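I am opening my notebook on a structure that is new to me. My plan is to look up how two chains meet and then turn to one of them by itself.

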Amino acid sequence: MAFLEIENLQKKFAQTTAVEHVQLEVTRGEFVSFLGPSGCGKTTTLRIIAGFEAPSSGAIRLDGVDITHRPPHQRHVGMVFQSYALFPNMTVAQNVGFGLKVAKKPAALIKQRVEEMLNLIKLPALGNRYPHQLSGGQQQRVALARALAIQPQVLLLDEPLSALDAKIRVALRQEIRTIQRELGITTIYVTHDQEEALSLSDRIVIMSEGRVEQIGTPFEIYNFPRTSFVASFVGTLNILRGQVADPARGKIVIDGQEVIASRGLKDARVGEVCSVALRPEIVSLGEAAGDGNRMQGTVEDVNFLGSIVRVRVRFKDNAISLDLFNNPSLSLPQRGQAVTVSFPREAVLALETASSM
Amino acid sequence: MLFGVLYFFVPLLGTFEFSLRYLRGVYSLEAYRIVLADPRFGATVTYSTALALATIVVGVVLVVPTAYWIQLRLPGLRPVVEFITLLPLVIPAIVLVFGYLRIYNSSSLLPLTGSERTTDLLLIFSYVTLALPYMYRAVDTGLRAIDVRSLTEAAQSLGAGWPMILFRVIFPNVRVAVLSGAFLTFAIVIGEFTMASLLDRPAFGPYLQLMGANRAYEPSALAIISFGITWACMGLIQVFGRGAHGQVAGAH
């Protein structure tokens, strides 16, 4: 049974609709990320769950209780902000213990819980420091401990790692996931960073212009994007435009070369212009065995990215990027060299045609 | 720079030098002794100090929640409120006090001038108005230095209601700004003449004027003393401002 239910949520600000018919069920202990570009409505949805914004319509139920109109301080929901939002006038220990003090818990229990929390975030010795004496990463850990100290029913994180530098971001996101698993707390995580969402989440909700585009596991979202927005937003993607030649067989002609897509073209008409998507990592250089697709083109560019080498191959109007794993014995193709690229039929994702969108 | 220093300090030094010449032929602090021994000096300073403190309390209670709410929920109203808070600078005190006397005279619906205590109350409110531009600006600047919205929401999500948020989270973080506003208010109230004189209250301002009209050396001594009080207030703003700098910086 769903622990957190978001039912047909809608939020309008004057002329604009920030959130449109958002529907989601989160099970207890699940880690769900809202992923999308700026202004897609992910933060507004999170703020409605926290109670900082009132929805124009729709309902939110937590453990079967309707909390749609409950003020934020009565929701028992923990929140972590992008800007940390630690109280500058309080020490780390006072910050972490604030929620318990508000709840009028006995001093001994507060002390014990604060110690537990500081151990959990691996900062047991910093209780007496003030926030301005900590690094960004440490401050965000304290903010996490403060949110968890009150043992909330749901933990909400609003782009918590955006203000940190890359290395700390990766380390802290693993830590957040470990702590979340350890405590089994239901978590909603808002981010615009796809890598963060893919690596952390049980499920991802992809949002665009206030609407949910797709809800699925990271594997589903990445490998089987349902809309062209999801396909282009998550991961790097090659989009190729061609003409449908034989819908029943999934045959498309791209720059005069035949490509077969294993599904998604049944409803298309012969001669219709269509777009297909291909992940760079699924395309290989040279002839592959079996009955996969093959296309001939010319190497346009070779980019060395460290662990991978990205090669760009042009056909005519279309071009494709493909990734090669780096190794010291790799012989890189030269620019202008004629090459064959191959990719399996099932890797060709037919996207909605302009007429069907 | 040099011109500025001369412009400010030469008259002050002249006044100070004059205040020491009470006894013919020697420099002495006789004028200061006479002023400090005058029971009216003590009484008026005490009265004005009490009123200044009351003004600060009323001003803080009025301004902090207002500025906070405007920053948090009504940012569109900020220009309107800024304009209103600036009005006391463009409307002369004498116009204000005549307005008060017309509205609150003893035959009006709210006869605040009917007794001494209620007149004191009216005087406090008029001082709050006079000090509003300084108090509001000080508090508003303090609030802009912290992330009011996130701090409020963080406290809310931890279960805190409005009084708790205001007194435990917001107020301590704008303490320095509130103190600056308080000392400025104190400096304004302690020497204010027009309001106190026209409402006929025994404040320090009218006493300064009375002495100035009737004595020779004592007014200079009083002028130096009131400068001293004002400078002490300014000095305290600096001291408190510096003391809490780290805390405010930590808010970013």
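I first looked up contact, taken as heavy atoms within 4.5 Å, and found 22 residues of chain B in contact with 23 residues of chain A. I note that this is a predicted model, in which local features need pLDDT of at least 70, side-chain atom pairs count only at pLDDT 80 or more, and totals for chains, interfaces and linings use all residues. Residues are numbered from 1 along each chain as its sequence is written, chains are lettered from A in the order in which they are written, and side-chain values use heavy atoms, with hydrogens and water left out.

Next I looked up the buried area, which is the accessible area (1.4 Å probe) that two parts lose on being put together, summed over both; between chain B and chain A it is about 2,100 Å², with 63% from carbon and sulfur atoms. On the side of chain B, I see that B:S157, B:L158 and B:R168 lose the most area to chain A, together 30% of what that side buries.

I then searched for salt bridges (a side-chain nitrogen of Lys or Arg within 4 Å of a carboxyl oxygen of Asp or Glu), and the rule finds one across this interface. It joins the side chains of A:R47 and B:E153, at 2.6 Å from N to O.

Turning to chain B alone, I recorded 13 helices and zero strands, where helices are DSSP runs (H or I, at least four residues) and strands are E runs of at least two. The C-alpha trace of chain B spans about 75 × 55 × 30 Å along its principal axes.
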